[in-house]
Amino acid sequence: MLQVPDYEFWFVTGSQHLYGEEQLKSVEKDARDIVDKLNATNKLPYPVKFKLVATTADSITQLMKDANYNDNVAGVITWMHTFSPAKNWIRGTKLLQKPLLHLATQYLNHIPYDTIDFDYMNLNQSAHGDREYGFINARLRKNNKIVYGWWGDEEVQQEIADWEDVAVAYNESFKIKVARFGDNMRNVAVTEGDKVEAQIQFGWTVDYYALGDLVEAVNAVPESDIDAKYKELQDKYEFVQGDNDKDKYEHSVRYQIREYFGIKNFLDKNNYSAFTTNFEDLYGLEQLPGLAAQLLMDEGYGFGAEGDWKTAALDRLMKILTHNQATAFMEDYTLELQKGKEAILGSHMLEVDPGIASDKPRVEVHPLDIGGKADPARLVFTGREGDAFDVTISDFGNEYRMIGYAVEGHKAPKPTPHLPVAKQMWTPKVGLKAGATQWIHDGGGHHTVLTFAASEQQIADLATMFDLPFDDIK
């Protein structure tokens with residue numbers, strides 16, 4: 001399984017020397033208590049580390065510089081305990097290159113009516129300080145996140161946790177490398193794109209490799225590795241020989257395992273975390289990678305079919321955000337247009353991520369009828385039910401744009417005994433007609449990433465971090 005580094009988030013509290021040193025000690029005590037208790041909830045996917053009570057422009061600027069150059073830091077969380085003059089934050093905020101969360105909270109969740117005096121008022125001015133601080137972030141056009149409410153509420157803690165995952169995905173995006181085995185599918189427009197601009201905006205490195213490079217890696221896989229993986233898959237999945245004779249079935253499965261190791265070894269050796277294949281470019285391979293691609297996606301590698309490197313990178317990015325939970329490369333394939341039953345049946349020729357399976361996947365071998373190669377093994381299963389979000393990225397020449405909508409995932413109402421691939425059905429919550437019409441109008445492609453684990457808000461926050469236009473169809 002691909003791993004994400006152990007990141008941390010720095011917590012900075014804003015104040016000033018106007019109130020005196022004793023008051024600043026109280027501010028730090030409250031801030032440290034909040035940080036300790038947030039970490040103690042075990043709800044945050046990454047720890048928060050208290051850094052300082054920021055009272056001067058110099059201290060703020062230095063901290064932001066330090067955050068930028070510390071690879072362990074995924075972002076900065078700020079809290080204006082008192083009134084922190086926002087001019088102090090200008091230089092540091094302009095320099096900050098990591099995600100920023102403004103926690104608009106207060107140490108107590110109530111007003112102590114019986115004891116409140118003006119000292120308390122001066123010391124607990126988040127209602128005042130948040131607006132001063134928020135103004136400068138808005139004026140600087142900072143794509144920061146604001147979480148408002150008492151820090152001890154579960155809802156607020158969940159918002160922080162969700163944002164942490166987005167911030168880590170943003171940081172990790174600049175490490176994503178996509179290996180393109182072959183070029184894009186011929187004559188297809190939506191899978192094309194500006195790779196230089198993608199690296200500038202998202203950090204994605206996209207490299208081409210001839211099939212000969214992959215074939216060499218595939219042919220070098222030792223039989224002992226294939227033997228061990230074959231037994232492992234027999235324990236994990238249901239092996240269905242079907243109409244194939246025993247030798248053909250086993251050879252097809254074993255060859256897909258050979259491709260799995262060949263691709264994995266190549267990716268790992270060269271530090272790639274996503275890849276593409278193309279059924280029009282298979283010279284030297286016996287089969288289009290099917291089971292091989294599915295096994296790699298299940299381990300967290302991003303994938304895009306037909307050379308679609310944008311979706312491969314997006315798939316990897318969303319897998320980072322969701323900790324590789326229930327997030328899959330997908331394609332709008334065929335439609336159910338009966339009134340009251342409208343739905344999209346999503347699938348692909350072979351490459352559907354088993355991370356969204358609702359039943360035990362079956363290893364089957366069937367003809368592909370495309371690509372002119374031998375019958376490939378693949379995992380066949382039914383997708384899941386529940387709330388999900390379907391998202392894609394399109395290149396319009398002058399800008400990249402994210403397009404998506406909330407959907408309701410469901411299963412096919414009837415069995416599909418002659419469909420030799422995995423399938424996932426869904427319906428846009430806005431309605432199929434309205435949603436698909438707007439999707440097409442906005443230029444959304446047919447390759448997407450479907451996630452049952454990331455929220456609509458997280459995806460919107462991710463787009464904001466990248467300063468990426470987001471067409472959220474509602």
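User: UniProt annotations may be inferred rather than shown by experiment, and their positions are given in the numbering used here. With that in mind, which residues does UniProt list for "domain: L-arabinose isomerase central"?

Analyst: Happy to help! The unreviewed UniProt entry lists residues 177-323 for that domain. Please keep in mind that this is a predicted model.

User: Thanks. How much of the 177-323 span is helix and how much is strand?

Analyst: Residues 177-323 are 52% helix and 12% strand, and the C-alpha atoms at the two ends lie 18 Å apart.

User: And what does "domain: L-arabinose isomerase N-terminal" cover?

Analyst: According to the same kind of record, an unreviewed UniProt entry, it covers residues 7-173. That span is 47% helix and 19% strand, with its end C-alpha atoms 14 Å apart.

User: Let's look at helix α8. Which of its residues are buried?

Analyst: In α8, which runs over residues 211-219, the buried ones are L211, L214, V215, A217 and V218. Viewed down the helix axis, they fall within an arc of 160 degrees, so they line one face of α8.

User: Why would residues spaced like that point the same way?

Analyst: An α-helix has 3.6 residues a turn, so residues three or four places apart point the same way.

User: What does the buried side of α8 pack against?

Analyst: The buried residues of α8 pack against two strands, β6 (177-181) and β7 (205-209), and against helix α10 (246-269). On the face turned away from them, α8 carries the exposed residues E216 and N219.

User: New topic: P99. Where does it sit, and is it buried or exposed?

Analyst: P99 is in the loop between α3 (90-95) and β4 (100-104). Its relative accessibility is 6%, and because under 20% means buried, P99 counts as buried.

User: What is P99 in contact with?

Analyst: Setting aside neighbours within four places in sequence, P99 is in contact with A74, G75, V76, W163, A167, Y170, N171 and M465.

User: How far is P99 from L379?

Analyst: Their C-alpha atoms are separated by 38 Å, and the two residues are 280 residues apart along the chain.

User: Last one, how many cavities of 30 Å³ or more are there?

Analyst: There is one, and the largest cavity holds about 30 Å³ of space.

User: What lines the largest cavity?

Analyst: Its lining is V190, D308, K310, T311, T392, I393, G445, H446 and H447. By class, that makes two nonpolar, five polar and two charged residues. Helix α12 (309-321) and strand β15 (386-395) each supply at least two residues of the lining.

Technical notes
Residues numbered from 1 in each chain as written. Predicted model: local features only at pLDDT ≥ 70, side-chain atom pairs only at ≥ 80, totals over all residues. Heavy atoms only, no water. 1 Å grid on protein atoms, 1.4 Å probe; cavity = no way out; pocket = protein on both sides within 12 Å on 5 of 7 lines; lining within 4 Å. Points joined across faces, edges and corners; volume = space filled by probe spheres on them. Helix = DSSP H or I, 4+ residues; strand = E, 2+ residues; numbered from the N terminus. Nonpolar A, V, L, I, M, F, W, Y, C, P; charged D, E, K, R; others polar. Buried < 20%, exposed > 50% of the residue type's maximum accessible area, 1.4 Å probe, protein only. Arc of directions from axis to C-beta. Contact = heavy atoms within 4.5 Å.
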